[in-house]
Amino acid sequence: MIARPLLSVDRLTKAFGGVVAARDVSFEVGRGELVALIGPNGAGKSTTFNMVGGQLEPDRGSVMLDGTAITGLAPRAIWRLGAGRTFQIAQTFVSMTAVENVQMALQSAQNMSFNLWRSAHALHRDAAIGLLRSVGLADSADRPVATLAYGDIKRVELAIALAGAPKLLLMDEPTAGMSRGERHDLMVLVGALARDLGLGVLFTEHDMDAVFGHASRVLVLVRGEIVARGTPAEVQADALVQRIYLGKSGTLAAAEAGRSRGTS
Ligand code: ADP
Ligand code: MG
């Protein structure tokens, strides 16, 4: 138990028709922690994630964010209370520069619509560049997003999420589509931001290097239930995890490597 958890999820449950997608899911995320939610396809990762973010209303159970009950609130309300989420930059915005995208996010966070009497260029530009600096992209501030490398676009998306000054960051498969090097760099960055800003991070992830190399703790979901939890080393050594989640083959890494070879 964390003394004063940032996020506290208690017995969250959600069924779709006859399928119980999440059953009595309980866990905590502390400040500065990266908590990975892993499990096979259909295990209930997205369902759990969406109940925390407000996209799905739980059948029962509760979610507390920094001491405030957020169970069943709308996504926008949960975002206002400090749970940020990374989103793909919409196609409409890729022609805009990196800094313009972050400026828009800052405006949105301050609940202002575009103000026709002030130049959008000037508005929040310094703050936006500061956020781009925190993700290592200050030098690319004035480049259109469309011209950036894939890993750098993901960094802009992270800066956009940080514009809301979140306490908790929710990331659904943050490294999907990245090269091995980009994955490593992004996870190092997220870990450093979590520590420096005292952010709690909850992420789902298929890439086992990202999970076992960078998570503070790992939660393993199988058929809607958490079957194992602990440090990466503890989870990797768990016989039940190896049997249920990974099949018969030896180590976690070996099983996952086989899986990704098979699917991508
Ligand atoms: P994961 O993200 O771990 O792959 P999901 O949370 O997406 O798993 O899904 C868990 C289970 O719930 C699956 O059996 C899935 O088919 C079912 N499910 C998820 N969302 C819905 C939905 N909106 N309607 C019906 N069934 C759903
Ligand atoms: Mg999913």
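In this predicted model, Val135 contacts Arg155, Leu158, Ala159, Leu162, Leu189 and Leu193, its neighbours within four places in sequence being left aside. Val135 is, with Leu132 and Leu158, among the residues that have the most contacts inside the largest nonpolar core, a set of 49 residues. Another core lies apart from it and has 25 residues, including Leu6, Leu12, Val29 and Val63. The points below place these cores within the chain and then turn to pairing, charge and the ligand.

**Overall architecture**

- The secondary structure of the chain consists of 10 helices and 10 strands.
- Buried residues make up 48% of the 264 residues of the chain.
- Among contacts with a separation of 6 or more, 66% join residues that are 24 or more positions apart.
- In soluble globular proteins, nonpolar side chains tend to be buried together.

**Strands 1 and 2**

- An antiparallel pairing over 7 bridges joins strand 1 (residues 7-16) to strand 2 (residues 19-29).
- Leu7 has Val29, in strand 2, as its bridge partner; Val29 is also one of the residues of the 25-residue core.
- The hairpin formed by strand 1 and strand 2 has 2 residues between the strands, and in this hairpin Gly17 adopts a positive phi near 60°.

**Ligand 1 and helix 1**

- The surroundings of ligand 1 are formed by Phe16, Val19, Ala21, Pro40, Asn41, Gly42, Ala43, Gly44, Lys45, Ser46 and Thr47.
- Two backbone approaches to the ligand may be noted: an N or O atom of the Ala43 backbone lies 3.2 Å from an oxygen atom of ligand 1, and a polar backbone atom of Lys45 lies 2.8 Å from an oxygen atom of ligand 1.
- Thr47 contributes through its side chain, in which an N or O atom is 2.6 Å from an oxygen atom of ligand 1.
- Lys45 and Thr47 are both buried residues of helix 1.
- Helix 1 (residues 45-53) is mostly covered, since 8 of its 9 residues are buried; among them are Thr48, Phe49, Asn50, Met51, Val52 and Gly53.
- After helix 1 comes Gly54, with a positive phi near 95°.

**Salt bridges**

- The chain has 13 salt bridges. Side chains of opposite charge can pair when their charged atoms come close.
- Lys167 and Asp66 form a salt bridge through their side chains, at 3.0 Å from N to O. This pair links distant parts of the chain, 101 residues apart: Lys167 belongs to the loop between helix 5 (150-162) and strand 7, whereas Asp66 belongs to the loop between strand 4 (60-65) and strand 5 (68-69).
- Lys167 counts as partly exposed because its relative accessibility is 34%. Asp66 is likewise partly exposed, as its relative accessible area is 23%.
- Glu157 and Lys154 form a salt bridge through their side chains, at 3.1 Å from N to O. Both residues lie in helix 5, 3 residues apart, or about one turn of the helix.
- An α-helix has 3.6 residues a turn, so residues three or four places apart point the same way.
- Both Glu157 and Lys154 are buried.
- Arg180 and Asp209 also meet in a side-chain salt bridge, at 3.0 Å from N to O. Because Arg180 lies in helix 6 and Asp209 in helix 7 (residues 208-214), this pair ties together parts that are 29 residues apart in sequence.
- Arg180 counts as exposed because its relative accessible area is 60%, whereas Asp209, at 40% relative accessibility, is partly exposed.
- One network, joined by salt bridges that share partners, comprises Arg4, Arg31, Asp66 and Lys167.

**Thr175**

- Thr175 is located in the loop between strand 7 (168-172) and helix 6 (180-197).
- This loop residue, Thr175, counts as buried because its relative accessibility is 3%, below the cut-off of 20%.
- Residues up to four places away in sequence not being counted, Thr175 touches Arg183, Leu186, Met187, Glu205 and Asp207.

Note on methods
Residues numbered from 1 in each chain as written. Chains lettered and ligands numbered in written order. Predicted model: local features only at pLDDT ≥ 70, side-chain atom pairs only at ≥ 80, totals over all residues. Heavy atoms only, no water. Helix = DSSP H or I, 4+ residues; strand = E, 2+ residues; numbered from the N terminus. Buried < 20%, exposed > 50% of the residue type's maximum accessible area, 1.4 Å probe, protein only. Contact = heavy atoms within 4.5 Å. Core = buried A, V, L, I, M, F, W, Y, C linked by side-chain atoms within 4.5 Å. Pairing = 2+ DSSP bridges. Salt bridge = Lys/Arg side-chain N within 4 Å of Asp/Glu carboxyl O. Near = heavy atom within 4 Å. Polar contact = N/O pair within 3.5 Å; in protein donor to acceptor, adjacent residues only side chain to side chain.
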